[in-house]
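User: Hello! I would like a close look at a single part of this model, and then a walk through whatever else stands out.

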Amino acid sequence: MAAENTVLVCKKCGAKYSAREDRLHCGRCHAPLLVSERKSMAVNVSDIDFAREVLASPGPVLLVAWAPWCAYCRMLNPIIERIAADYKDRLKVARLHVEDNPAVCSRYAVEGVPTILIFKDGRLINNMVGLLSKEEIERQLKAALRFNSGDGS
Ligand SMILES: [Zn+2]
């Protein structure tokens, strides 16, 4: 069920649709829905599929622990989407709803939201707490994963 709960929202009337429906127009007011802009590149993971989606993933995974009431999480969202797009060939980006998934939060001592966890080969290798800039997240990503930043360093 992961990634199916991304929601398309009609900017005109507020009607909501599952991204899975892939609608082009709002069924209520017929305004165009900007599907490509609304689709999240991050997969949603849970206590149940965490081991498969994150720990057993062949490459590195950036996991954002978030909560719906968290304003900083909403501010972090577009940054995470940009990182998911920029690193789409070498990084999997996932989101975990903290209240629905206490087992993962407890196992990795997630105490606040947003928290960004970076996993590689089934192990947690970095942990960032709070709202950070894209530059700061990328800096830590590159340090943790030794991504080549393209400057020959
Ligand atoms: Zn509408």
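How are the donor residues of the zinc ion spaced in sequence?

Analyst: Happy to help! This is a predicted model, in which local features need pLDDT of at least 70, side-chain atom pairs count only at pLDDT 80 or more, and totals for chains, interfaces and linings use all residues. Residues are numbered from 1 along each chain as its sequence is written, and side-chain values use heavy atoms, leaving out hydrogens and water.

The spacing of the zinc donor residues is C-x2-C-x12-C-x2-C. They are Cys 10, Cys 13, Cys 26 and Cys 29, each giving its SG, and they lie 2.3 Å from the zinc ion. Donors here are N, O and S atoms within 2.8 Å of the metal (3.2 Å for Na, K and Ca); water is not among the atoms, so sites may look incomplete. The 4 donor atoms subtend angles of 101 to 114° around the zinc ion, so the arrangement is tetrahedral (four donors with all angles between 85 and 135 degrees).

Now for the loop between helix H4 (102-107) and strand E6 (115-120), where Pro 114 lies; helices (H or I, at least four residues) and strands (E, at least two) are DSSP runs, numbered from the N terminus. The peptide bond from Val 113 to Pro 114 is cis, with omega near -5°. Ala 109 also lies in the loop between H4 and E6, and its phi is near 55°, a positive value in a residue other than glycine.

Key. Tetrahedral: all angles 85-135°; square planar, octahedral: opposite > 155°, others 65-115°.
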